[in-house]
Amino acid sequence: MLVEQENYLRVGLFLTVLIGMAYWEVYAPRRKPTVAKWLRWQNNLTLTFINSILLKILLPVTATGIAAYAASNQWGLFNQLVWPAWLAIIMSIVLLDLAVYGQHVALHAFAPLWRLHRAHHADLDLDVTTGLRFHPLEILFSMLFKLVVIVLIGAPVMSVLVFEIILNAMAMFNHGNINLPRKLDYFLRYIIVTPDMHCVHHSTLPTEMNRNFGFNLAVWDRLFATYRDQPQAGHDQMVIGLPQWRNPQFCSRLVNILRMPLGKY
């Protein structure tokens, strides 16, 4: 029943977070946009829709579906251990979070993966839709990687459902153009990745772009020494995007986003 109701739950929460973040960005923006919002939004959201359709066609199995299948066959670590269900759920969420951190590091470290990931970094502004802007090939790679991790650790179905919701919501939150009070941001970033913390990762400077890889729990960047507190130029002067692609018309249009893995850079 849980797996069957997943789509309704996830779509409902996705729209709630998207609309909520969009309102927040209107009433308390962190930065002034440099590109027309309508141009970026229509292309970023169209890409999100395409990715959803392609995933259903090319990879019809869901993360919760593979978790249920692994449980029925007793595959994976937590399906072999006699642990309390609540502990297995918590540990699975933490391990999945770590896996996504590691995947993000790999996307920057290996040239073929970076060619896929740079479509995300080429956005010249940051807002809630940037958290949804990923090349279809990266989305496919990420899902395959996640399915393998779920099977290996034997993640319970409930933990996978919760993690998928967190992954989606936090991606929109920490890319959001929202002005959190400084003291709140200071304390929150010891626990979760805040928009200001993740914004550093979208700098054009390699020394900043290759920092702050986490998406949810802030502990991984501190633990693995990839944390940077603030951008060199400050948040108001920091340049977002990739140095080789600065034309708003090029960076924001769907056809060019899809071609980015094939570019010469």
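**Rings, folds and buried charges in a predicted model**

Analyst: Arg222 lies over the face of Tyr227, at 4.1 Å from the ring centre. The model is predicted, so local features need pLDDT of at least 70 and side-chain atom pairs count only at pLDDT 80 or more, whereas totals for chains, interfaces and linings use all residues. Residues are numbered from 1 along each chain as its sequence is written, and side-chain values use heavy atoms, without hydrogens or water.

User: How is a charge over a ring to be read, and over which ring, at 4.4 Å from its centre, does the charged end of Arg222 sit?

Analyst: The criterion combines distance and angle: NZ of Lys or CZ of Arg within 6 Å of the ring centre and within 35 degrees of the ring normal. In this model the charged end of Arg222 sits over Tyr190, 4.4 Å from the centre of that ring. The guanidinium-bearing residue Arg222 thus has two entries, the other being the face of Tyr227 at 4.1 Å.

User: How many aromatic pairs does a search of the whole structure find?

Analyst: Rings of Phe, Tyr and Trp (its six-membered ring) pair if their centres lie within 6.5 Å; planes under 30 degrees apart are stacked, over 60 edge-to-face, and the rest tilted. The search of the whole structure yields ten aromatic pairs. One of them joins Tyr186 and Tyr190, whose ring centres are 5.6 Å apart with planes at 80 degrees, so this pair is edge-to-face. Tyr186 is partly exposed at 45% relative accessible area, and Tyr190 is partly exposed at 47% (buried means under 20%, exposed over 50%, partly exposed in between, with a 1.4 Å probe and protein chains only). Trp245 and Phe250 have ring centres 5.8 Å apart and planes at 45 degrees, so that pair is tilted. Within it, Trp245 is buried at 7%, whereas Phe250 is partly exposed at 24%.

User: Which residues do ring pairs link into a cluster?

Analyst: Tyr101, Phe213 and Phe224 are linked in this way.

User: How many helices and strands does the protein have?

Analyst: Helices (H or I, at least four residues) and strands (E, at least two) are DSSP runs, numbered from the N terminus. The protein has 13 helices and zero strands. Its C-alpha atoms fill a box of roughly 55 × 40 × 35 Å along the principal axes, and 49% of its 265 residues are buried. Contact means heavy atoms within 4.5 Å. Of the contacts with a separation of 6 or more, 74% are between residues 24 or more positions apart.

User: Is Glu25 buried or exposed?

Analyst: Glu25, in helix α1 (residues 6-27), is buried, with a relative accessible area of 4%. A polar atom of its side chain lies 2.7 Å from the backbone nitrogen of Val128. Beyond neighbours within four places in sequence, Glu25 contacts residues including Lys37, Trp41, Asp127 and Asn177.

User: Where does Arg31 lie?

Analyst: Arg31 is in the loop between α1 and α2 (37-58). Arg31 is buried, at 14% relative accessible area. Leaving aside neighbours within four places in sequence, Arg31 is in contact with Leu126, Gly176, Asn177, Cys199, His235 and Ile240. Met91, by contrast, stands 60 residues along the chain from Arg31, and their C-alpha atoms are separated by 37 Å. Gly176 and Asn177 are in contact with both Glu25 and Arg31.

Terms used:
A polar contact is a pair of N or O atoms within 3.5 Å; within protein, one must be able to donate a hydrogen and the other to accept it, and residues adjacent in sequence count only if both atoms are side-chain atoms.
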